[in-house]
Amino acid sequence: MTTVINTVTHRGSPEGPGPQSAAERARAKAKGTGGLYQPRVPIYPKLVHGKWRRIKWALLIATLAVYYVTPWIRWERPGALPDQAVLVDFFGRRFYFFGIQLWPQEVYFITGLLVIAALALFLVTALFGRLWCGYACPQTVWTDLFIYVERLFEGDRNARMRLAAAPWSFDKLWRKGGKHAIWLGVAFATGGAWIFYFRDAPTLLREFWTGAAPLTSYLSCAILTATTYVFAGHMREQVCIYMCPWPRIQGAMLDDHSLQVTYRLDRGETRGPHKKGQTWDGRGDCIDCHACVVACPMGIDIRNGPQMECINCGLCIDACDEIMDRVGRPRDLIAYDTDFAVAERTAGRPASYRFVRARTLYYAVALVLVSALVGWGLLNRQPLDLHALRDRNPMFVRLHDGSVRNGYTLKIANRTFTPKTVEVTITGVPGARLSAPGEPVGAVVRTTVPANEVRGLRVFVTSTPGASAASVAAVFAVRGDGVSAETKTTFLTGAESAP
Amino acid sequence: MAEREKDDHTGTETTGHEWDGIKELDTPLPRWWLWVWYGSILVAIVYWVLMPAWPGISGYTHGLLGQSDRTEVVRELKGLAAQRQAGESRLRSASLQQIEADPELQAYAMQVGQSVFGDNCATCHGAGGAGGKGYPNLRDDVWLWGGNLDAIQHTIQVGVRSGHPHARGEKVMPSFGRDQLLTEAQIGDLTEYVVALSGRKADAAAVGRARQTFADQCAACHGPAGTGDVAQGIPNLTDAEWLYGPDRESIHSQIWNGRNGVMPTWEARFSPETIKALAVYVHANAGGVAEPVTATPPPASATVASGAAGR
């Protein structure tokens with residue numbers, strides 16, 4: 001039987017009589033199989049220069065600037081309200097975004113925003129491939145930044161590989177040490193900036209260094225420092241390949257007409273080394289120099305076609321263009337192109353591109369619809385919100401003259417920045433008279449709701465006896481100071497309901 | 001120890017046991033499991049040293065940290081008492097009316113009241129205070145012993161027929177039927193009379209027969225018009241509220257048996273502050289009007305007086 005393993009020679013300890021330790025046996029077992037995880041092969045991407053690299057630098061600076069600067073933008077708000085333009089205020093239970101202020105009950109706006117973001121991602125991916133992954137994803141941006149730091153200390157690809165292979169020396173120690181120190185500094189700045197989104201930034205900065213900040217701030221900062229350092233410094237492309245779900249979903253958005261970083265095999269093959277002065281006839285433009293491979297931060301060979309690992313960043317395009325210029329062939333052997341165009345050219349037909357497709361139309365229409373819905377909702381946000389909670393124990397009270405009284409707790413939310421004095425009315429209950437606790441029946445029920453707060457208000461509704469239905473539908477309304485709100489409720493009459 | 005047999009297929013040693021040709025593999029424990037196990041043992045030892053752990057003959061090992069659930073509870077109770085101190089002292093110094101006028105203090109009193117009510121009063125009056133047959137509804141505007149803040153506070157303090165020297169309810173309703181003070185026929189007629197008092201249809205002949213009986217037996221307490229007396233806790237017979245039920249059977253039963261409600265005194269059990277909070281709670285739930293209902297003009301008294309009831 002070929003499947004039976006000769007355990008004695010497999011372990012390489014034929015002379016070992018007697019029991020072996022559990023550790024020895026476990027180690028031996030793992031040896032031949034390679035363990036549960038694929039060992040990581042370190043990637044040392046080479047620095048390239050060119051159009052796409054310049055765009056990536058610009059976007060790196062822009063996205064980092066947005067991330068670090070946003071919490072420090074001030075936005076004047078009345079009274080004791082926070083003056084931070086963008087603030088997720090968990091203590092005050094508010095989300096501030098410049099002129100917009102959301103309450104927890106309006107979290108559906110956030111949901112809408114996330115749906116818009118998802119649809120925009122779908123549309124962009126269907127049109128231009130994984131641009132998000134290649135240019136704007138925090139994992140890509142911070143990894144790029146960390147590789148930049150690495151390059152400052154250890155040099156470019158070849159120098160880094162040499163250093164990694166070299167024995168430990170003072171030179172290696174300070175280079176590695178310096179790199180990790182700066183990495184940790186950047187990671188700390190990342191985690192440190194994050195917490196400013198949740199508390200007034202200048203106050204928190206002072207609190208943070210005097211030890212007066214909330215524990216959650218320190219914890220959040222520590223967690224984000226750790227994840228930034230580990231993800232951008234050590235795990236890098238493994239985050240994209242093994243942790244992120246998006247590369248696995250992208251297949252559903254991409255088709256033959258989506259622009260992706262493409263090796264134009266119609267032009268490149270047959271590849272092979274090329275010496276100066278040799279003819280280009282009868283062969284492809286690819287000189288098999290591996291410039292695209294060493295530039296790739298994901299460690300793949302783009303010439304193998306579209307791959308799950310490819311983040312569409314275009315660095316191999318820059319690398320190849322540089323080589324093409326040098327050997328005197330036209331650029332764009334690797335370019336943003338479509339599978340369809342490559343197939344057409346291979347078949348000898350002119351390439352054509354289709355951006356308007358059923359898929360892109362669906363995404364665009366859905367995006368416009370959802371954006372319009374969310375925008376409409378934001379523009380028509382009600383300044384006043386009313387809810388009525390009816391007393392359930394007792395459900396109603398019969399008074400001395402036989403009339404029936406229901407108790408309610410009204411919750412009036414004032415989402416404006418000015419106090420509003422409103423008057424409560426009820427419609428739908430025959431002969432209904434309102435009263436507030438301690439006030440005579442039939443008096444005007446009025447209350448002032450402070451700015452940006454919810455006021456709970458007890459009201460009693462008394463109705464004349466003799467109703468036939470056990471319950472009637474009613475509507476509470478609050479009006480005043482140019483605002484109003486309504487809410488449906490039920491009034492129980494105390495009448496026996498029909499059997 | 002003899003050399004142990006190895007299984008050819010897996011390379012694992014066997015235990016040496018065999019049942020009907022089946023041998024048991026002695027598969028080693030997973031490393032991670034072993035280390036977790038060793039770690040747990042270590043944690044247990046550290047725990048024994050730091051925390052109370054081992055029972056002895058006359059006590060137990062207390063541990064270096066001096067942890068004790070009992071002292072913890074005592075400490076927490078002390079903290080709770082200190083926390084309540086502020087509210088308690090404010091309740092003590094403020095009058096009932098002042099408590100109700102101060103929204104913050106009222107909210108505090110309402111919370112105290114709700115909790116105390118649920119633990120003590122809800123048994124009879126119901127969790128919502130709506131009462132039941134024989135147990136007054138504390139949510140409406142009919143109050144046997146007065147519905148303003150001071151009256152409610154006093155009722156809670158002294159109770160009703162509770163044995164307290166100042167207890168409410170000196171007057172009791174006799175058992176007219178059981179003690180044979182009235183005949184069966186008289187009580188039947190009286191029932192019709194009481195039904196007519198509250199403005200309902202009743203047998204006119206019976207109402208006429210009972211008029212003299214009511215004047216002789218009932219009017220002394222319930223008043224000639226049957227409107228009762230809040231000062232003495234005499235129920236108003238002309239309104240829509242019936243403590244023992246509105247139907248003829250219930251009214252007849254009450255005249256026959258003469259039940260008299262009892263409520264304990266809470267003075268010994270609650271602090272004055274708690275009673276204050278409870279009064280504020282009950283008053284607010286009932287609508288909180290200064291003086292709810294005293295004597296409403298009976299809707300049917302005219303009918304009874306003219307003897308035209310039961311048309």
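1. A good place to start is B:Val194, which lies in helix H6 (residues 184–197) of chain B. In this predicted model, B:Val194 counts as buried because it has 26 C-beta neighbours inside 10 Å, and 20 or more are needed for that label. Once its neighbours within four places in sequence are left aside, B:Val194 is in contact with B:Leu237 and B:Ile251. By contrast with those contacts, B:Gly79 is 115 residues away from B:Val194 in sequence and 57 Å away in space, taken from C-alpha to C-alpha.

2. Before reading further into chain A, please look at the confidence of the prediction. The average pLDDT of chain A is 88, and 92% of its residues score at least 70. Among the elements of chain A, the highest mean pLDDT, 96, belongs to helix H3 (residues 51–69), while the lowest, 40, belongs to helix H1 (residues 7–11). Over residues 1–21 of chain A the pLDDT stays under 50, and the model has 15 contacts beyond four places in sequence for this stretch.

3. Which residues have the most contacts inside the largest nonpolar core? They are A:Cys292, A:Cys316 and A:Ile334, and the core has 35 residues. At least two residues of this core come from each of several elements of chain A, among them helix H6 (138–154), helix H8 (170–195), helix H10 (215–235) and strand E4 (260–263). Helix H15 (315–327) of chain A is also one of these elements, and H15(A) gives the most to the core, with five residues. As background, nonpolar side chains tend to be buried together in soluble globular proteins.

4. A closer view of A:Cys316 shows who its partners are. Not counting residues up to four places away in sequence, A:Cys316 touches A:Val261, A:Cys292, A:Ala295, A:Cys296, A:Ile302 and A:Ile334. There is also a second, separate core of 27 residues, which includes A:Leu384, A:Ile412, A:Val449 and A:Phe476.

5. The next point concerns two helices of chain A. H8(A) and H10(A) pack with their axes 7 Å apart and at an angle of about 135 degrees, and that angle makes H8(A) oblique to H10(A). The crossing in which H8(A) passes H10(A) is right-handed. Many residues take part in this meeting: on the H8(A) side they include A:Trp183, A:Leu184, A:Phe188 and A:Trp194, and on the H10(A) side they include A:Ser217, A:Cys221, A:Leu224 and A:Tyr229.

6. Chain B offers a second helix pair, to be read in the same manner. Helix H4 (residues 103–125) of chain B and helix H9 (residues 272–285) of chain B have axes 7 Å apart and pack at an angle of about 95 degrees, so H4(B) is roughly perpendicular to H9(B). Residues of H4(B) that meet H9(B) include B:Gln106, B:Met110, B:Val112 and B:Phe117, and among their counterparts in H9(B) are B:Thr274, B:Leu278, B:Val280 and B:Tyr281.

7. Is A:Tyr336 buried, partly exposed or exposed? It counts as partly exposed, because it has 17 C-beta neighbours inside 10 Å. A:Tyr336 lies in strand E5 (residues 334–337) of chain A, and, leaving aside its neighbours within four places in sequence, it is in contact with A:Leu259, A:Gln260, A:Val261 and A:Gly314. Although A:Tyr336 and A:Lys51 are 285 residues apart along the chain, their C-alpha atoms are separated by 13 Å.

8. Two peptide bonds in loops of chain A deserve your attention. A cis peptide bond, with omega about -5 degrees, joins A:Glu269 and A:Thr270, and A:Thr270 has its place in the loop between helix H13 (265–268) and H14. The bond from A:Asn393 to A:Pro394 is also cis, with omega near 0 degrees, and A:Pro394 lies in the loop between strand E6 (384–390) and strand E7 (397–398) of chain A.

9. Finally, consider two aspartates and their backbone angles. A:Asp288, although not a glycine, has a positive phi of about 55 degrees; it lies in the loop between H13 and H14 of chain A and counts as partly exposed because it has 14 C-beta neighbours inside 10 Å. B:Asp20, which is not a glycine either, has a positive phi of about 50 degrees, and its loop runs between strand E1 (14–19) and strand E2 (22–25) of chain B. With 4 other C-beta atoms within 10 Å, B:Asp20 is exposed.

How values were computed: Residues numbered from 1 in each chain as written. Chains lettered and ligands numbered in written order. Predicted model: local features only at pLDDT ≥ 70, side-chain atom pairs only at ≥ 80, totals over all residues. pLDDT = per-residue confidence, 0-100. Helix = DSSP H or I, 4+ residues; strand = E, 2+ residues; numbered from the N terminus. Contact = placed C-beta atoms within 7 Å. Core = buried A, V, L, I, M, F, W, Y, C linked by C-beta atoms within 7 Å. Buried ≥ 20, exposed ≤ 12 C-beta atoms within 10 Å, placed from the backbone. Axes fitted to C-alpha atoms, helices over the stretch in contact; angles between N-to-C directions. Parallel < 35°, antiparallel > 145°, perpendicular 65-115°, else oblique. Left-handed = near helix turned anticlockwise from the far one by under 90°.
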